[in-house]
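Subject: Handover of a structure and of the findings on it

Dear colleague,

I am pleased to hand over the structure shown below. Please look through it first, and then read the notes that come after it.

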Amino acid sequence: MRRKNSVLQLNAIFMFYLSHIYIVSSSQFFKGKRETRGRDLFGWQQLWYSSGDDYQQFNEPIFINNTVTDRTVQLGATAFLNCSVRNLGERTISWVRRRDWHILTSGLVTYTSDERFQVLHLEGSNDWILQIKYVQRRDNGTYECQVSTGAGIISHFVNLHVVVPKALILGSGEHHVNEGSSINLVCIIDKSPMPPQYVFWYHNDRMINYDVARGGISVETKPGPKTQSILTIAGADESDNGNYTCSASNTEPASIYVFVSEGDKMAAISRRKSSNMGCSTGARILLAALPIFGIIMS
């Protein structure tokens with residue numbers, strides 16, 4: 001009985017080693033097949049090209065858009081500078097600010113302490129987007145997207161134009177109204193890629209858009225390529241004298257001085273202005289006549 005059990009144990013050990021050898025041999029066999037197949041596929045790919053240089057050139061990185069790109073962004077907005085590259089492989093995209101040759105990013109790593117800069121990239125995508133938040137005037141300029149190839153560095157350039165909208169109040173620097181009449185001021189927001197989020201009016205540094213204490217104040221804003229904001233103040237009196245400012249988001253403000261006077265005073269101001277204009281005209285005529293007068297006297 002013991003002898004029979006020993007024989008069975010030896011058979012089991014023998015079968016175990018035999019199966020192990022078979023598994024190892026099979027895995028090496030199929031691994032060799034896969035490597036051979038990979039080499040064959042690589043060889044078939046090269047057969048499509050006349051030389052190895054042509055094959056390498058075909059697989060070099062290439063920009064999808066190889067022309068210089070222009071981007072216009074309003075002051076304070078977010079800029080997105082796009083760079084699209086095919087066949088990047090294991091190479092790295094870098095963004096460089098040409099103004100000072102500062103390397104801003106390499107791959108997904110940022111090399112500037114300015115936290116407004118960041119690269120946006122989705123895995124598997126050809127796009128490497130440089131994002132600049134809260135754009136400032138000094139961000140204006142050229143940015144270079146570059147990648148190294150076997151033939152050297154190739155680049156794609158993006159020109160960023162930062163525009164600053166300006167406010168303009170119609171009329172001269174002064175506005176005269178009769179006491180008891182209405183003050184009407186019109187503000188135009190120009191050079192704005194998009195309408196401003198808000199337009200505020202100030203009287204001597206005090207915002208009056210929602211001034212319920214004064215009453216009789218209304219503001220009507222009409223968004224568009226040139227946004228208009230109209231300030232109307234009913235029943236003007238001497239307390240409404242002063243500086244009025246029109247201000248919009250990320251826009252250079254504009255100001256005008258308003259004088260509220262009684263009817264007789266307004267007439268006197270008008271006469272004074274007409275008199276000054278007449279004097280100015282007379283002075284210009286006199287200055288023009290002096291050379292002629294000198295010739296006659298000589």
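The notes below cover the chain as a whole, then its confidence, two of its sheets and its disulfides.

**The chain as a whole**

Please bear in mind throughout that this is a predicted model. The chain has 298 residues, and 29% of them count as buried. Its secondary structure comprises 3 helices and 20 strands. Where contacts with a separation of 6 or more are considered, 61% of them are between residues 24 or more positions apart. The accessible surface of the chain is about 19900 Å², and carbon and sulfur atoms hold 57% of that area.

**Confidence**

How confident is the prediction over the chain? The mean pLDDT is 79, with 68% of the residues at 70 or more. Between the elements there is a clear ranking at both ends: helix α1, residues 2–47, has the lowest confidence, with a mean of 47, while strand β9 has the highest, at 98. Over residues 20–27 the pLDDT is below 50, and this stretch makes 0 contacts in the model beyond near neighbours in sequence. A further stretch, residues 51–56, also stays under 50 in pLDDT. For residues 51–56 the model has 5 contacts beyond four places in sequence. I would ask you to keep these values in mind when viewing the regions concerned.

**The sheet of β3, β9 and β8**

Strand β9, which has the highest confidence in the chain, belongs to an open sheet of 3 strands. The order in this sheet is β3-β9-β8, and the pairing is antiparallel. At the edges lie β3 (79–81) and β8 (117–120), each of which pairs on one side only. Neighbouring strands here are turned against each other by 25° on average, direction ignored.

The pairing can be followed residue by residue. Strands β3 and β9 run antiparallel and are joined by 3 bridges; L81 has L130 of β9 as its bridge partner. On the other side of the sheet order, β8 is joined to β9 (residues 129–132) by 4 bridges, again antiparallel. Here L120 stands opposite I129 in β9, and Q118 has Q131 of β9 as its bridge partner. As general background, the strands of a sheet pair through backbone hydrogen bonds, in either a parallel or an antiparallel manner.

**The sheet of β12, β14, β18 and β17**

Another open sheet consists of 4 strands in the order β12-β14-β18-β17, and its pairing is antiparallel. Which strands form its edges? They are β12 (166–169) and β17 (217–222), each pairing on one side only. The average turn between neighbouring strands of this sheet is 20°, direction ignored. Strand β17 and strand β18 (residues 227–233) run antiparallel, with 6 bridges between them. Within this pairing, V219 has L231 of β18 as its bridge partner.

**The disulfides**

How many disulfides does the model contain? The count comes to 2. In general terms, a disulfide is a covalent bond between the sulfur atoms of two cysteines.

One of them joins C83 to C145, with an S to S distance of 2.0 Å. This pair links distant parts of the chain, as C83 is in the loop between β3 and β4 (85–86), C145 is in strand β10 (residues 141–149), and the two are 62 residues apart. The link of C83 and C145 is left-handed, with -70° about the S-S bond. Both C83 and C145 are buried.

The other is formed by C187 and C246, whose sulfur atoms are 2.0 Å apart. C187 lies in strand β14 (residues 183–190) and C246 in strand β19 (residues 242–248), so this disulfide ties together parts that are 59 residues apart in sequence. Strand β14 is also a member of the sheet of 4 strands described above. The torsion about the S-S bond of C187 and C246 is about -80°, and the disulfide is therefore left-handed.

Are C187 and C246 buried or exposed? C187 is buried, because its relative accessible area is 0%. C246 counts as buried because its relative accessibility is 0%. When the bonded cysteines of the chain are numbered in sequence order, the pairing reads 1-2, 3-4.

With kind regards

Definitions and conventions. Residues numbered from 1 in each chain as written. Predicted model: local features only at pLDDT ≥ 70, side-chain atom pairs only at ≥ 80, totals over all residues. Heavy atoms only, no water. Pairing = 2+ DSSP bridges. Axes fitted to C-alpha atoms, helices over the stretch in contact; angles between N-to-C directions. Buried < 20%, exposed > 50% of the residue type's maximum accessible area, 1.4 Å probe, protein only. Contact = heavy atoms within 4.5 Å. Areas by Shrake-Rupley, 256 points an atom, 1.4 Å probe, with all protein chains shown as cover. pLDDT = per-residue confidence, 0-100. Disulfide = S-S within 2.5 Å.
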